[in-house]
Amino acid sequence: MAGGRGEVKELEILKKEGLSTLYPERVKISVGRATCGRAAGAEDVYTFLQDVVARRGLEWDVSTVGCLGFCQGEPLVTVQQPGWPRYVYSRVDRRLAEQIVEGVAAGKLPKRRLLGKIYSDDLLLTGEKVDLAPEGDHPLEKNPFYGPQVRIATRNCGYINPESIAEYVARGGYLALKKAVQMQPEEIIEEVVKSGLRGRGGAGFLTGKKWGFARAASGDVKYVICNADEGDPGAYMDRSILEGDPHTVLEGMAIGGYAIGAQTGIIYCRAEYPLAVATLKEAIRQAEKQGFLGDNIFGSGFSFRIRVVEGRGAFVCGEETALIASIEGRMGEPRPRPPFPAQKGLWGKPTNINNVETWANIPPIIMRGGDWFAGVGTATSSGTKVFALVGDIKNNGLVEVPMGTTLRQIVYDIGGGTGVFDLKAVQTGGPSGGCIPASLIDLPVDYDALTRAGAIMGSGGMVVMNERSCMVDVARFFIAFTQDESCGKCLPCREGTRQMLELLDKICKGEAEMSDLELLEELAYAVKDTALCGLGQTAPNPVLSTLKYFRDEYEAHIRERFCPAGVCRELFELTVDEEKCKSCGRCSEVCPQGAIVGEKDKPYRLDQDKCIRCRACLNTCRHKAIRVVPRRRYQPR
Amino acid sequence: MITINGREFPARDGETVLEVARREGIWIPTLCHHEGLNPYGSCRICVVEVTAGGRPGLTASCTLPVSDGLVVETDSERVRRCRQVLVRLLLAMAPNAPVVRELAEKLGVTDTPFKRLGADKDGCILCGLCVRACEQVGAYAIGFAFRGVRRRVTPPFGKQAAACMGCRACEQVCPTGTVKFTESGDRLFGDTWQAELQVVRCPECGAPVGAQPLFGHVREQLDNTGIAVENLCPICRRKKLAGEMAAVCVQPK
Ligand SMILES: Cc1cc2nc3c(=O)[nH]c(=O)nc-3n(C[C@H](O)[C@H](O)[C@H](O)COP(=O)(O)O)c2cc1C
Ligand code: SF4
Ligand code: SF4
Ligand code: SF4
Ligand code: FES
């Protein structure tokens, strides 16, 4: 091929270029500048570092990387210099940044807020290993947050500059595409089938099988779509991948396009992710320039282009038929399936839709083989899953673990536990999912185990809740979300979720009867059974799963007009437990009302008339001396 | 062949389960379905239970295409209970609509435990029949706006329905009687859509025969078929036709 576009030689040149910036002969300081980093002040640290380095006339690189996952500790900064391990620092501010620069110059790096050191990089795709320094103390793998993780989909996040295609290539990028276009499309699909990869967008359908349908559908014009609508509250796996490693999604889509016979790919990304959109657009521009997207890719005759379409943030537009309607410029409303998008999708053409994380897993599967991927995880849920681990947990962040890892490992080993207050439940699958009680903490996290427990894998939101969470209130939160996000097309979802919210409001206010509980349950089952699309069909899950495991809590709200967790304002009072009170006075300090007073060596006292039940004391007392009790003015029914 | 309630029935490709059931005299309640309009699947009252040959569970029969070996139940316990919940939700929405009351009665429901929560005062159940009728006559004068419980049918931006041509198809299909038109002198008012149109009168007898834009639209649609459009009212048209036929038939050869 003439021009060297999308050629093997091109890959070699790019790889050299990428290695020269990944492992420069000089000092390199990288700042995690994904959205999570920016929210914690990464931009300030980044410009500050640039200024300091420039001011001191140092010939160092100050570079950008995506999110390394430890969002709790953002801004994250890594420091690399020839012959040294890569130091990973957390919660870096100007002061620490200055100390780091001084430390490098003096040959002695600070220990403060050091998460760990990376001694070598394993390149997942090529099997190569790059040694930075001989093994030594504080390896990052020993950090409990990182130790149990296996990073396949997020293999490059936090390692490469997302705006550098060369760095992506240097870690084995676009080799899978090159390999794929030399294979028969059927062979690729076979490989994906073998991998056992299941869609990471929620339903967990077998990706290879879905590709097979789209391949088999007749038509010259076909489409592949990347679903980057990510609407679950608290979930941000897809955003992190798009911001940290956009090319893996592009490469996956190109491979998928080749396999099913599509020439066009569309990424439907929510507009609330401006950084992801900008990163994607830049990545597409670079990939086109190098000839990895465009005409005649790697001289194979295969042509493929990708464009980004921005969604305007309706949760329901993540549902595939609504998503298609939205791309076509119509109202984002689902339609009944069949016909499935594989038969009649975008503009009526066969269309294959996959989630961001699903696409990100494709290049490794093609490079390492389906069998390799199937060897990770469990028999029916292969590979890894990225979770957004949030809530009442010490280490918030983005974690990628092999399927089958237990909740205990995720919550306690990686997440560092829930602190003073005991774990009560873990919510997975967002508004479509359910609450798993602490008693099932040894549940292995895979599609089937979660479904059996009454939750779902969903897209990867994982909200940890401690004993201070009211499960009725949690169910109410999710129903409030779904009733607000329901498109309103079908009766059960539109009216049903609204009535469910009304009933839950009643329960939380202590105005409900036991018959309301039956009504709620009957309604929940009917909505689940009759709604048109996945939104309505799964909206009752948070209610049903909390009813399954925490029915006593519902009953306490109704019968005793008491919220045992102390959340529903009308239904509890707070008192100081005289036995447990250590007279430390912390509660008194945080009370905005001055409702708690006391003196040394005597239990503190709480004045009911002043207390507004803001819970500040409850969440502050390390000795659990603040007790939640029923309101005295309510008599149990 | 598909199986409904334990009996096998022949079915053609492209048919829906509802169509087969209707042909075979099996009753399935419907609300948002109309034979002349595209299926939509919004009221869900027509749900049936798929037990084999498809994804098991309940699904709307008006949008479910037949497939060989499909087995459904139209009146299982689960179906009945769900329909009852649905009609109770409808009763909370439009307690006075006769169509809802009748349906409730047929399903053995007398009242609703649900509160009436700011539902549309006119008894609209958001079935979408009017919107589809308007789309399919080609006017696109009305549509849905807003999401979830705020959803409603409206002309664009809630303004006067400028594209309405006064065909009154929406009024014709509306099951709840929500859509209303009134005539006054030479004006036709689409009350629900704030439309105001010129009435066309029969040149023979002076009876109102429709709205001005409608004739323009029909003329446009029939433009190259050579069929002439006349403004005659049905009676005068029949009279005229009879006269012409008489002229043809009675004339000696
Ligand atoms: C209400 C609703 C919202 C959804 N939102 C998303 C989303 O934000 N991202 C996503 O990938 N899939 C979402 N899905 C699932 C998609 O419909 C579809 O199954 C998925 O994109 C397929 O990709 P996968 O097979 O790779 O998982 C949603 C589904 C429903 C019913
Ligand atoms: S289930 Fe909800 S979101 Fe889905 S079509 Fe029905 S109303 Fe719309
Ligand atoms: S009367 Fe007007 S709004 Fe109604 S269907 Fe006809 S054109 Fe549409
Ligand atoms: S106005 Fe009538 S036809 Fe239109 S959506 Fe409402 S009930 Fe249905
Ligand atoms: S008649 Fe089938 S969904 Fe309304």
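How far is an oxygen atom of ligand 1 from an N or O atom in the side chain of A:Lys210? The distance is 2.8 Å. Keep in mind as you read that this is a predicted model. Let us start with ligand 1 and then move on to the rest of the structure.

**Around ligand 1**

Ligand 1 has 18 residues around it, and those that come nearest are A:Gly201, A:Lys210, A:Asn354, A:Asn355 and A:Thr358. The table gathers three places where an oxygen atom of the ligand pairs with an N or O atom of chain A. As you look through the rows, notice which part of the residue takes part: A:Arg200 uses a backbone atom, whereas A:Asn227 uses a side-chain atom.

| Residue | Part of the residue | Distance to an oxygen atom of ligand 1 |
|---|---|---|
| A:Lys210 | side chain | 2.8 Å |
| A:Asn227 | side chain | 2.9 Å |
| A:Arg200 | backbone | 3.3 Å |

**Unusual spots in the backbone of chain A**

Now follow the backbone of chain A. Most peptide bonds are trans, and most residues other than glycine have a negative phi. With that in mind, look at the bond that joins A:Glu74 and A:Pro75: this peptide bond is cis, with omega at about -10°. A:Pro75 sits in the loop between β2 (61-65) and β3 (77-80) of chain A. Another cis peptide bond links A:Arg337 to A:Pro338, with an omega of about -5°. You can find A:Pro338 in the loop that runs between α12 (320-327) and β11 (351-355) of chain A.

A:Tyr174 is worth a visit too. This residue is not a glycine, yet its phi is positive, near 65°. Its place is the loop between α5 (165-170) and α6 (175-180) of chain A.

**The overall form of chain B**

Turning to the partner chain, we count seven helices and 11 strands in chain B. Its radius of gyration is 23 Å, well over the 18 Å that the globule rule gives for 253 residues, so chain B is more spread out than a compact globule. Measured out along its principal axes, the C-alpha trace of chain B spans about 65 × 55 × 30 Å.

**Where the two chains meet**

How many residues does each chain bring to the contact? Chain B brings 35 residues and chain A brings 30 residues. Together the chains bury about 2,900 Å², and 58% of that area is on carbon and sulfur atoms. Three residues, B:Leu117, B:Arg147 and B:Val149, supply 22% of the area that chain B buries against chain A, more than any other three residues.

Charged partners also face each other here, with four salt bridges across the interface of chain B and chain A. One of them pairs A:Asp529 with B:Arg78, whose closest N and O atoms are 2.8 Å apart. Between the chains there are also 13 residue pairs in polar contact. On the side of chain B that touches chain A, α2 (77-93) and β6 (143-145) each supply at least two residues. The most comes from α2(B), which gives 10 residues. By class, this side of chain B has 21 nonpolar, five polar and nine charged residues.

**Around ligand 3**

Our last stop is ligand 3. The residues around it include B:Cys134, B:Cys164, B:Cys167 and B:Cys170, along with B:Met165, B:Phe181 and B:Trp193. Sorted by class, the shell has nine nonpolar, one polar and one charged residues.

How values were computed: Residues numbered from 1 in each chain as written. Chains lettered and ligands numbered in written order. Predicted model: local features only at pLDDT ≥ 70, side-chain atom pairs only at ≥ 80, totals over all residues. Heavy atoms only, no water. Near = heavy atom within 4 Å. Nonpolar A, V, L, I, M, F, W, Y, C, P; charged D, E, K, R; others polar. Contact = heavy atoms within 4.5 Å. Buried area = accessible area lost by both parts, 1.4 Å probe. Salt bridge = Lys/Arg side-chain N within 4 Å of Asp/Glu carboxyl O. Polar contact = N/O pair within 3.5 Å; in protein donor to acceptor, adjacent residues only side chain to side chain. Helix = DSSP H or I, 4+ residues; strand = E, 2+ residues; numbered from the N terminus. Rg over C-alpha atoms; globule rule 2.2 N^0.38 Å.
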